[in-house]
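Hi there,

Here is the structure I promised to pass on. Please open it next to this email, and I will walk you through what turned up.

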Number of protein chains: 2
Amino acid sequence: MNNFEFFNPVKVIFGKDQLGKLSAQIPANKRVLMIYGGGSILKNGVHAAIINSLKDYTVLEFNGIEPNPKFETAMKVVEMIKAKKIDFLLAVGGGSVIDATKFIAAAAMYSDGDPWDILAKRKRVKAALPFGAVLTLPATGSEMNNGAVITREATHEKLSFMSPLTFPLFSFLLPDAAATLPQRQVANGVVDAFMHVMEQYMTFPANAPLQDRFAESILQTLVEEGPKAYANPANYEAMSNLMWSATMALNGLIGCGVPQDWAVHMIGHELTAQFGIDHARTLAIIAPSHYAYNLESKKEKLAQFGQRVWGITEGTLEEKATAAIKQTVEFFHSLDVDTKLSDYTDAYKGTAQKISTRFTERGWAGLGEHQSLTPSDVEKIVEMSY
Amino acid sequence: MNNFEFFNPVKVIFGKDQLGKLSAQIPANKRVLMIYGGGSILKNGVHAAIINSLKDYTVLEFNGIEPNPKFETAMKVVEMIKAKKIDFLLAVGGGSVIDATKFIAAAAMYSDGDPWDILAKRKRVKAALPFGAVLTLPATGSEMNNGAVITREATHEKLSFMSPLTFPLFSFLLPDAAATLPQRQVANGVVDAFMHVMEQYMTFPANAPLQDRFAESILQTLVEEGPKAYANPANYEAMSNLMWSATMALNGLIGCGVPQDWAVHMIGHELTAQFGIDHARTLAIIAPSHYAYNLESKKEKLAQFGQRVWGITEGTLEEKATAAIKQTVEFFHSLDVDTKLSDYTDAYKGTAQKISTRFTERGWAGLGEHQSLTPSDVEKIVEMSY
């Protein structure tokens, strides 16, 4: 096991009929801005329950955070915060809304120039508005971490940041608010959480058996409960188990003291930027090729994953590893998530070279847990994904 | 899954050569009291590394916290804190030292009368001195929770408290500081951590598959790594895995949204009070009888535990459950931990009735996850443990 630090101060409040506790989490006299997305919270009762709990606060609203939240939209919210003297933010929705709120919290207090530099130049966040979250969609884990991904529409750049100051103070996790989700979004959530685990797990043995087993625990639970939640988002028990699994997949715990990969995410982001493919689906496209291409360096963990998650006990290490990739693909297919770029676009030719060129231009050599993947390797992986 | 809240703000810093980061965790100009136990930290380099890191602070020391830390000793430290105007505490050692420091932190700021009331009358802690911990012994999990158990020597009472104000600000987890531990203490640590998991897991199915698997992950890792650390406490990798498992066993995570038992601890504390038997060993004495006595209500989880932790696949539910208890006893024996009260004392007769009477006098009816165990049930369980 490697040395590590772990810190996660987010207070989680999980379950049914919990929003009555919301006002107790926010200091008195705060001017609260509720930030949300497309307005599903107006239909599922969440909006009303929040307004009811916060009846002693001044509450303003910003409705209109989009999927793959935009820098441009976030900056509109920052203007509103300054004009209306807001001093507490409440993100209500899924990972996009929470990610946007993290960036807004930091940008509203940024005094060293253009807040875009937090993303583009990795400028340190020295202050941020306090904020909480109400999660209605299991997927990204943003509700219990301090990271965010923001897209600049003007330049098609998708960049991330994290700061010790951008943990939510609290997150309400509401499985019943996910009951009315479109199935497609549930499938995306299962795949997103699954791949968050894989990025921290599918590397090489590092003598960290507890972290391995925690990762496998989440994967097994996603395999077991994900399809139930997909088949019926109103299945409260299945949605609860999916939601808690997605939160645990990216709150820092399973990554303690182990090597991490994240190449699938870095490549996948390019497919979203270029084709607008849902984030989770880009991961489902890239992951199988990435693991197959890097079979030699990942085969021990792939075989362990095959054995413990998929029950594959027969064959050589390589055979188990290959069978594990195949099972993963079949799992994604069972959620109606396609795993080839050509399933999503006819204009896929040239994509591999385009991404490889972008990575070269940005100096992004050395991807993966061994920092060994070159832009040329990335090109081959994307080609395998056509 | 039941509704739950989870909050754990402890910053963990884990591994080798980490104590150079200590000064960065403590605000400048603090007057620090280092609180420790028998003095092993003077031999293993931990004391010197702390003094070196804190060379810009005023550091005083209290050496003499005992196992099963005493209220009387804690109050001596409180006097010293007031006399020397201490405003930061640093617990260095195992769970006893950290538990004592939690109580001292609260007692030093207690202004509503006798601090004993925090334990005896469950008075709320309204303020506590800030403190951090340096863990040198894997066992209790106190390094990453807000609970403490304190014994009053005068009355042989062993009582607990917890408060949102008594989380350590930070905990250094140092597996190499445990390299020189007596084997007996390592065995106690493995059993203690194992039983912390069991108290939160060995109940009835609650449709919380991730929590179940996390619990089983810790148990499996303790079964695998515990004997290696016991055989050779200087095995850094094994001790690391044991230490992280013990921390995760009682930081609130696996108890989220599931029923909990804790009857074994409540009965075990009486054996420590009466015979001075090591805490972990009292759990090893009581647990097998407790599970056998409550086989009917716990058989589903016992069989699941048998299958997933011990690989028991044959037999009826009852047979698997019984075999799982037997395997657990054999595991404790493999660590040279005896599991019958008569292994520890010849004066065991009458103990069951004495404990049952005590529970009756205290009004402790309704133990266990169903709040159904009566003092008479407790008597039978203790008798089975002779």
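A small definition first: two strands count as paired if DSSP finds at least two bridges between them. That wording sits behind a statement such as Leu33(B) standing opposite Leu89(B) in β5(B). Please also keep in mind that this is a predicted model.

**How the two chains relate**

Chain A is superposed on chain B by a rotation of 180° with 0.0 Å of shift along the axis, and the RMSD is 0.0 Å. That is the relation of a two-fold axis. Both copies use the same surface, since 100% of the contact residues of chain A recur in chain B. Which residue of chain A comes closest to the rotation axis? That is Pro9(A), with its C-alpha at 2.0 Å.

**The sheet built mostly on chain A names**

Seven strands make an open sheet of mixed pairing, in the order β4(A)-β3(A)-β5(A)-β6(A)-β9(A)-β2(A)-β1(B). Its edge strands are β4 (58-63) of chain A and β1 (4-6) of chain B, each of which pairs on one side only. Ignoring direction, neighbouring strands of this sheet are turned by 15° against each other on average.

Starting from the β4(A) edge, strand β3 (residues 31-36) of chain A runs parallel to β4(A) and is joined to β4(A) by six bridges. Here Val32(A) stands opposite Val59(A). Towards the other edge, strand β2 (residues 11-14) of chain A and strand β9 (residues 170-173) of chain A run parallel, with four bridges between them. What sits across from Ile13(A) in β9(A)? The bridge partner there is Phe172(A). Ile13(A) also has a bridge partner in β1(B), namely Glu5(B). The strands β2(A) and β1(B) run antiparallel and are joined by three bridges.

Two helices of chain A lie across this sheet. Helix α1 (residues 46-53) lies across β3, β4, β5 (88-93) and β6 (131-135) of chain A, at about 175° to β3(A). Helix α2 (residues 71-84) lies across β3, β4 and β5 of chain A, at about 160° to β4(A).

**The sheet that takes in β1 of chain A**

The other open sheet has seven strands in mixed pairing, ordered β1(A)-β2(B)-β9(B)-β6(B)-β5(B)-β3(B)-β4(B). At its edges stand β1 (4-6) of chain A and β4 (58-63) of chain B, each with a single partner strand, so one side of each has no neighbour in the sheet. The twist from one strand to the next averages 15°.

Strand β3 (residues 31-36) of chain B and strand β5 (residues 88-93) of chain B run parallel, joined by five bridges. In this pair Leu33(B) stands opposite Leu89(B). Helix α2 (residues 46-53) of chain B packs on the sheet and touches β3, β4, β5 and β6 (131-135) of chain B, its direction making about 175° with that of β3(B). Helix α8 (residues 236-249) of chain B packs on the sheet too, touching β1 of chain A along with β2 (11-14), β6 and β9 (170-173) of chain B. The direction of α8(B) makes about 170° with that of β2(B).

At the β1(A) edge, three bridges join β1(A) to β2(B), and the two strands run antiparallel. Phe4(A) has Phe14(B) as its bridge partner in β2(B). Phe14(B) in turn has Leu173(B) as its bridge partner in β9(B). The strands β2(B) and β9(B) pair in the parallel sense over four bridges.

**What the record says about chain A**

An unreviewed UniProt entry places "domain: Alcohol dehydrogenase iron-type/glycerol dehydrogenase GldA" on residues 9-173 of chain A. That span is 24% helix and 26% strand, and its end C-alpha atoms are 16 Å apart. UniProt (unreviewed entry) also lists "domain: Fe-containing alcohol dehydrogenase-like C-terminal" for residues 187-345 of chain A. The composition there is 72% helix and 0% strand, with the end C-alpha atoms 20 Å apart.

**One helix pair**

Finally, helix α6 (residues 209-231) of chain A and helix α7 (residues 236-249) of chain A have axes that come within 8 Å and cross at roughly 140°. The crossing is left-handed. Among the residues making the contact are Ile218(A) and Leu222(A) of α6(A), and Leu242(A) and Met248(A) of α7(A). The contact residues divide into eight nonpolar, three polar and three charged.

Best wishes, and happy browsing!

Methods:
Residues numbered from 1 in each chain as written. Chains lettered and ligands numbered in written order. Predicted model: local features only at pLDDT ≥ 70, side-chain atom pairs only at ≥ 80, totals over all residues. Heavy atoms only, no water. Axes fitted to C-alpha atoms, helices over the stretch in contact; angles between N-to-C directions. Left-handed = near helix turned anticlockwise from the far one by under 90°. Contact = heavy atoms within 4.5 Å. Nonpolar A, V, L, I, M, F, W, Y, C, P; charged D, E, K, R; others polar. UniProt positions renumbered as here; feature names shortened; annotations may be inferred. Least-squares fit on C-alpha atoms with pLDDT ≥ 70 in both.
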